[in-house]
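Biologist: Hi, could you walk me through the empty space and the surface of this one?

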Amino acid sequence: MVISPIELVALRSAARVIPFLGKRIYSKAHLSRIASEAETKLITPDPHFIDGLAPDQLTALQSLIDAPVFSNLALQAMVFRLGKMSDNNAAALREQIRNSIQHTGVFSEADLFQATDVVLDVLNRSVHAIDQSATPGTLNRSHAAAIAGEVAASAVRNSELLQRLTTLNDINAFAKTLRAQARVMHTKIGTSHMGEASGVDYTKLYITPTISAEGDDPDLNSLVAQSLRRVILGDPGAGKSTLASKLVHDLAEDELSELEGQVPILLVVRQHTQALRTEHNTLLHYLEAACRQPYNVEPPLDALEYLLLNGRATVIIDGLDELGDSHYRRTFTDLVDGFAHRYPLARVIVTSRIVGYKDAPLNETLFPIANISPFTTAQVTRYSRQWFSLDSSIADHEIASWVESF
């Protein structure tokens with residue numbers, strides 16, 4: 001059986017949703033093997049179904065299937081499949097696909113329905129093949145069933161939103177501008193050492209922390225790419241805020257290969273403590289405020305809603321503990337938990353100190369815990385060598401003794 005380029009891309013997208021419905025962090029090679037195995041289980045379609053498309057239409061569909069929007073649809077479809085949801089959910093998938101294709105601008109009304117059928121057919125066959133190829137127990141069917149209702153509700157909201165939007169031009173321009181601002185404003189580690197008030201480049205000082213999660217020690221980038229939700233705990237000075245800032249930078253620079261095109265939205269809790277203690281706004285309100293300050297970017301109407309519902313945004317909440325009193329922290333964790341229920345497929349990463357976290361924790365089912373491990377001797381040595389190298393008053397031949405003393 002000859003697999004079309006569209007089907008190959010769709011299988012890879014469907015394979016990438018496996019970690020979101022399981023408990024493991026998978027290597028790229030493992031997910032690639034599952035996708036390759038799924039090729040043998042892919043149900044053969046009518047060959048004229050895809051071959052009949054015009055070149056520009058085929059290109060548009062390939063781009064759509066290779067985008068975060070399709071991965072989000074694949075995750076919806078897998079949830080519905082595992083959760084044994086009704087045909088109403090298939091209708092919600094169809095509507096989202098139809099409106100997403102319509103926004104490409106290369107399909108006439110007459111061709112739109114055929115194109116919708118093409119993508120929906122490829123989506124369903126890919127999800128079926130991946131489900132058949134995954135090792136039994138890999139996909140958490142009970143978890144899928146538990147969130148299926150929330151996913152269905154968000155799918156309906158997304159269908160209505162896509163129907164309401166006449167163009168994505170303003171949203172795409174906003175996303176591009178916010179990513180550009182994030183790149184510019186998160187290029188350095190903040191430090192006042194030796195007069196470096198503006199900070200220093202990550203390459204000169206940053207040490208990637210070791211993360212432990214559920215008994216594993218996953219690569220940080222894999223952890224973020226394969227987690228819809230995660231709270232990262234660490235001791236004071238462990239580098240949580242630096243990690244959050246570096247993650248914003250890496251997402252904006254497309255340095256995480258599995259998350260290209262993501263729009264990072266950083267909410268630094270300490271910058272909103274007074275409002276969070278006294279006001280009663282949604283988390284979306286504070287995310288919009290975070291776009292305005294410090295990035296000076298005004299979100300268009302429905303922009304964040306679209307990015308969150310279509311898998312294009314990563315929300316990073318830094319410093320859950322900054323609210324102080326446990327009463328305020330519990331109120332805020334309830335707000336974050338509610339946000340996770342309303343946007344069940346949106347990626348949210350939270351950082352917090354270990355001390356006091358258990359007094360006001362996030363829902364652990366929604367937000368599994370990962371921990372920043374203390375620096376190893378090798379990491380301390382490397383960090384201190386880079387640190388003292390920043391000081392122009394220390395001669396190169398003296399750095400080793402400074403490192404040893406430190």
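Modeller: Happy to; we can take cavities, then pockets, then a surface patch. This is a predicted model, where local features need pLDDT of at least 70, side-chain atom pairs count only at pLDDT 80 or more, and totals for chains, interfaces and linings use all residues. Numbering runs from 1 along each chain as its sequence is written, and side-chain values use heavy atoms, with hydrogens and water left out.

Biologist: How many cavities of 30 Å³ or more are there?

Modeller: One. A cavity is a set of points on a 1 Å grid over the protein atoms alone where a 1.4 Å probe fits but cannot get out. The largest cavity holds about 60 Å³ of space.

Biologist: Which residues line the largest cavity?

Modeller: Among them are Asn72, Gln76, Ser154, Leu308 and Tyr343; lining residues have an atom within 4 Å of a point. By class, its lining has seven nonpolar, three polar and no charged residues.

Biologist: And how much space lies in the largest pocket?

Modeller: About 1,100 Å³. A pocket is an open set with protein on both sides within 12 Å along at least five of seven lines. Its lining has 46 residues, with Arg16, Asp66, Ala67, Pro68 and Ser71 nearest the centre.

Biologist: Which element gives the most to that lining?

Modeller: α2, with six residues. The lining of the largest pocket divides into 21 nonpolar, 16 polar and nine charged residues.

Biologist: New topic: is Val380 buried, partly exposed or exposed?

Modeller: Partly exposed, because its relative accessibility is 33%, and that class lies between buried (under 20%) and exposed (over 50%), with a 1.4 Å probe and protein chains only. Val380 lies in helix α17, residues 377-389.

How values were computed
Helix = DSSP H or I, 4+ residues; strand = E, 2+ residues; numbered from the N terminus. Points joined across faces, edges and corners; volume = space filled by probe spheres on them. Nonpolar A, V, L, I, M, F, W, Y, C, P; charged D, E, K, R; others polar.
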